Amino acid sequence: MELSNGTDRRETLKCRPVEGRSFTMSSEVRRGSPLKFILPLALLAVIGLGAGYFSASAAKSFPVAWSVNPLMIKFNASGSFSGSAPDSFTCSPSVSPVTLQAFSSAPDIISITVSPSSFSRCGPTPDDVVVTASCISNISSVCDGEYTGSVQVCGPAPYTCLKQSLVVDVAVTTHKCPCPTTGG
């Protein structure tokens, strides 16, 4: 029996009867080709590694849960140069120890701090914190505006911050009082 695969090359297949089966086909060219084994194995390896990476990263994607996120801080810079708001967070799975790092979108105008800034353990019991936004300038009108920031839970190794940062929205006004309007 001759078979053409669309090229000028033809292969001769050998057929022989085998017990329990009607016949077995073999090809001299196909029998020695390692490609038919390497390609499926490589594909399985890539899929397996991808699935392993996805499950490992998915497990670490959202271990921190904040009770209020985003957190809003509003203050009047003419009265005080800072404002604060409480929040709490949990970790799943538990992590020991953790530190908190705060960042501001405009660090030369508004600073954001968190207190306390470290915990011996973060787990299913909420850890309470107070986030404070402060105007850095002595001139209150410089701070007037809206800013953003974030708080990250990091640990246990340095430079290992967990996903799901707290978003901090800061609104600063410089109005001293609601002034009466004069009418005519």
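Colleague: Which hand does the disulfide of cysteine 135 and cysteine 143 have?

Modeller: Look at the torsion about the S-S bond: here it's about 75 degrees, so this disulfide is right-handed. Keep in mind that the model is predicted. The two sulfurs sit 1.7 Å apart.

Colleague: How many disulfides are there?

Modeller: The count comes to three. Cysteine 154 and cysteine 161 form one of them, with sulfur atoms 2.0 Å apart, and cysteine 91 is joined to cysteine 122 at 1.8 Å from S to S. That last link is right-handed too, with 95 degrees about the S-S bond. It ties together distant parts of the chain, 31 residues apart: cysteine 91 is in strand 7, while cysteine 122 is in the loop between strand 10 and strand 11.

Colleague: Is cysteine 161 buried, exposed or partly exposed?

Modeller: Buried means under 20% relative accessible area, and exposed means over 50%. Cysteine 161 has 31%, so it counts as partly exposed. Its partner, cysteine 154, is buried at 3%.

Colleague: Now the sheet. What is the strand order?

Modeller: In general, strands of a sheet pair through backbone hydrogen bonds, either parallel or antiparallel. Here you have an open sheet of four strands in the order 5-7-11-9, with antiparallel pairing. Strand 5 and strand 9 are the edges, each pairing on one side only.

Colleague: How many bridges join strand 9 to strand 11?

Modeller: Six, and the two run antiparallel. Within that pair, serine 111 stands opposite serine 134.

Colleague: And what does serine 88 touch?

Modeller: Serine 88 is in strand 7 and is buried at 12% relative accessible area. Its contacts include Trp66 and Asp127.

Terms used:
Residues numbered from 1 in each chain as written. Predicted model: local features only at pLDDT ≥ 70, side-chain atom pairs only at ≥ 80, totals over all residues. Heavy atoms only, no water. Pairing = 2+ DSSP bridges. Buried < 20%, exposed > 50% of the residue type's maximum accessible area, 1.4 Å probe, protein only. Contact = heavy atoms within 4.5 Å. Disulfide = S-S within 2.5 Å. Lists of a residue's contacts leave out its neighbours within four places in sequence.
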